[in-house]
Amino acid sequence: MASMYADLVARLKAGGCWFVRTGKGSHEIWCSPINGRAFTVPRSLASAPLANAILKQAGLPKAF
């Protein structure tokens with residue numbers, strides 16, 4: 001079974017989002033072409049509501 005982080009990253013890439021840089025601690029900065037916003041993604045993601053909030057920031061539909 002893949003981790004929730006890996007599933008989220010796959011959905012972000014499928015939606016056209018791209019990795020910008022590493023952030024503080026275990027976070028990554030990603031950018032969305034849909035709305036032009038940058039958002040953070042924790043590599044230790046374990047919460048479905050947080051994953052859905054990240055997808056919302058990216059302009060993508062809920063998936064978890």
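Which strands does helix 1 (residues 4-14) lie across, and at about what angle does helix 1 run to strand 3? Let's work through this and a few more exercises together.

This is a predicted model, in which local features need pLDDT of at least 70 and side-chain atom pairs count only at pLDDT 80 or more, while totals for chains, interfaces and linings use all residues. Residues are numbered from 1 along each chain as its sequence is written, and side-chain values use heavy atoms, with hydrogens and water left out.

**Exercise 1. Place helix 1 against the strands.**

Step 1: start with the terms. Helices (H or I, at least four residues) and strands (E, at least two) are DSSP runs, numbered from the N terminus. Axes are lines fitted to C-alpha atoms, for helices over the stretch in contact, and angles run from 0 to 180 degrees between N-to-C directions.

Step 2: read off the answer. Helix 1 lies across strand 2 and strand 3, and its direction makes about 155 degrees with strand 3.

**Exercise 2. Work out the order and pairing of the sheet.**

Step 1: recall that strands of a sheet pair through backbone hydrogen bonds, either parallel or antiparallel. Here two strands pair if DSSP finds at least two bridges between them.

Step 2: the three strands form an open sheet in the order 1-2-3, with antiparallel pairing. Strand 1 (18-22) and strand 3 (38-42) are at the edges with a single partner strand each, so one side of each has no neighbour in the sheet. On average, neighbouring strands of this sheet are turned by 35 degrees against each other, direction ignored.

Step 3: go through the pairs. Strand 1 is joined to strand 2 (residues 27-31) by four bridges, and Phe19 stands opposite Trp30 in strand 2. Five bridges link strand 2 to strand 3, where His27 faces Pro42.

Step 4: add the turn. Strand 2 and strand 3 make a hairpin with six residues between them, and Gly36 in the turn has a positive phi of about 75 degrees.

**Exercise 3. Describe how helix 1 packs with helix 2.**

Step 1: two packed helices are described by the angle between their axes and the distance between the axes. For helix 1 and helix 2 (residues 48-58), the axes come within 11 Å and cross at roughly 15 degrees.

Step 2: that makes the two helices roughly parallel, a label for angles under 35 degrees (over 145 is roughly antiparallel, 65 to 115 roughly perpendicular and the rest oblique).

Step 3: list the contacts, meaning heavy atoms within 4.5 Å. Met4, Leu8, Arg11 and Leu12 in helix 1 meet Ala48, Ala51, Ile54, Leu55 and Ala58 in helix 2.

**Exercise 4. Follow Gly15 and Pro33 from their loops to their contacts.**

Step 1: Gly15 lies in the loop between helix 1 and strand 1, and Pro33 in the loop between strand 2 and strand 3.

Step 2: check accessibility, where buried means under 20% relative accessible area, exposed over 50% and partly exposed in between (1.4 Å probe, protein chains only). Gly15, at 24%, counts as partly exposed, and so does Pro33, at 46%.

Step 3: leave aside neighbours within four places in sequence. Gly15 is then in contact with Pro33, Ile34 and Leu60, while Pro33 is in contact with Gly15, Gly16, Cys17 and Trp18. The C-alpha atoms of Pro33 and Gly15 are separated by 8.5 Å, though 18 residues apart along the chain.
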